[in-house]
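Q: Could you take me through one part of this model in detail? I would like to look closely at a single sheet and then at what surrounds it.

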Amino acid sequence: MQKLVAGDVVYLSGRIYTARDKAHALMRSKGCPLSLQGAALYHCGPLIHKTRVLSAGPTTSGRMARYTEEILGLGVRAIIGKGGLPGEPFRGKAVYLAYPGGCGAAAAQQLKARDVHLKELGMAESLWEFEAKAFGPLIVAIDSHGKDLYQDVRASVQSRLRS
Amino acid sequence: MRSKVVEATVRALRHAETSLPEWVLQMIRDASEQETSPLAKSHLQFILENVRIAEARGLPLCQDTGLPIFEVKMGRDLELDFDLRMAIEDGVRIATQEIPLRPNAVDPLTRQNSGNNTGPGMPDIIWELVEGRGLCITAFPKGAGSENMSLVGMLNPADDPFDFILRTVAERAANACPPLFLGIGLGGTFDLAARLAKHALFRLPGSSPMEMDLLKRINSLGIGPMGLGGDTTALGLKIERASCHTASLPVAINFQCWAHRYASEVIF
């Protein structure tokens, strides 16, 4: 994880876990139902038929910004999503990986559902366990060394707005 | 007759969810050829690849299959012996099962999901009366990523509305899955401006000098696909106008992601 530098493009294979609004709120109030030590957490509310992943692109990470420090405190080493998060909590701890937004059909070809937790939250909000095979392209948008591509773009946009 | 409406609703939703209109695809292809940032270019190419996979396999191109929004054009002389709204609702329920769609409609307070994409006020149907006896249903499923970034501003008449639009796009575009389309409502009232903005999305893309100038200014910001930088921030926009009070300047911006999904079915 520490080898990754903002701007790198990577593909991830192995276990990843989805969580979005409701799962985050529940983890805060009742604790996490499984260990996320060393895990990759995917901001995603998939479209799934029985156990077949039909479409599973990223959701907007910004809505989950209020939980970043708690999530990284559980040992999560990579958050996958779109749109970015405030970069400071990632320093020395984790990376933020951006999957191209809206590309759910392509993502579904790279993911298999292995298990589901918090099923009572419904299809989109459950905590799904996916087996990822060359899941990507994932752009390292925030690295663990303090570099944040979104922040760089925002700063440049603000200076162009003023000019 | 009722079953025709139900079936047409399902067909329109399926078509809208699993493909993109050719002109939208062409705009993304053109942008990917002209884009000078390598990362942005590869994003645009991946978007095109995603649409190819969705079309070939009949899969929803985005997992956010949206809220069911329809524009229904109805002839003034059309006579129906059934409730048109309920027939479209039935179509949404069947489409949710058959395509399938992700159940997205929840109560705003309890957050209870209806499981079938219907509920109070949902589907949202925008009715338009036209001459004759025809009936045409356009499905326009709208994802939350872009809808969440939309905004109505009640400006001071002394303010510059284009400055407001530019600042809003600069602040919000990255979360709305750019490259974007924008529906802009200028004038009217608080709610009329919002309706104009939604209506403008049905009439994309605009090509007036005012629209082209605003598009150019937005793209000069360098936000790029997914907010990671590049030349392609917005693909198109449309402005619709209404008179407003002499004391008011309402401006509404309805964000739409690159997946500008819609499909029409002519029933009569």
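What follows is a walk from the four-stranded sheet of chain B outwards to the contact and the cores.

A: Happy to! Please keep in mind that this is a predicted model. The sheet to look at is an open one in chain B, where four strands line up in the order β4-β7-β5-β6 and the pairing is mixed. Its edges are formed by β4 (151–155) and β6 (234–242) of chain B; each has a single partner strand, so one side of each is left without a neighbour in the sheet. From one strand to the next, the twist averages 15°.

Now zoom in on one pair within the sheet. Strand β5 of chain B (residues 180–187) and strand β7 of chain B (residues 249–256) run antiparallel, and six bridges join them. If you want a residue to start from, pick Gly185(B): its bridge partner in β7(B) is Ala252(B). A helix also belongs in this view, since α6(B) lies across β4, β5 and β7 of chain B, running at about 35° to β7(B).

That helix leads us to the other chain. Both α6 (161–172) and α3 (38–57) of chain B supply at least two residues each to the side of chain B that touches chain A. With 10 residues, α3(B) gives the most to that side. The contact as a whole takes 37 residues from chain A and 41 residues from chain B. On the chain B side, these divide into 22 nonpolar, 15 polar and four charged residues.

Next, the nonpolar interior. In soluble globular proteins, nonpolar side chains tend to be buried together. Here the largest nonpolar core has 103 residues, and those with the most contacts inside it include Leu180(B) and Ile184(B), along with Leu41(A) and Ala141(A). Strand β8 of chain A (residues 127–142) provides the largest share of this core, 10 residues. Leaving aside residues up to four places away in sequence, Ala141(A) touches, among others, Leu97(A), Tyr150(A) and Leu228(B). Another core, of 22 residues, lies apart from the largest one and has Val6(B), Leu13(B), Leu67(B) and Ala105(B) among its members.

Finally, a word on the partner chain. Chain A has four helices and eight strands, and 50% of its 163 residues count as buried. Its radius of gyration is 15 Å, which agrees with the value near 15 Å for a compact globule of 163 residues. Among its contacts between residues at least 6 apart in sequence, 67% join residues at least 24 apart.

Definitions and conventions:
Residues are numbered from 1 along each chain as its sequence is written. Chains are lettered from A and ligands numbered from 1 in the order in which they are written. This is a predicted model: local features need pLDDT of at least 70, side-chain atom pairs count only at pLDDT 80 or more; totals for chains, interfaces and linings use all residues. Two residues are in contact if their C-beta atoms, placed from the backbone, lie within 7 Å. Ala, Val, Leu, Ile, Met, Phe, Trp, Tyr, Cys and Pro count as nonpolar, Asp, Glu, Lys and Arg as charged, and the others, Gly among them, as polar. Two strands pair if DSSP finds at least two bridges between them. Axes are lines fitted to C-alpha atoms, for helices over the stretch in contact, and angles run from 0 to 180 degrees between N-to-C directions. A nonpolar core is a set of buried Ala, Val, Leu, Ile, Met, Phe, Trp, Tyr and Cys residues joined through C-beta atoms within 7 Å. A residue is buried if 20 or more other C-beta atoms lie within 10 Å of its own, exposed if 12 or fewer, and partly exposed in between; C-beta atoms are placed from the backbone. The radius of gyration is taken over C-alpha atoms; the globule rule is 2.2 Å times the number of residues to the power 0.38.
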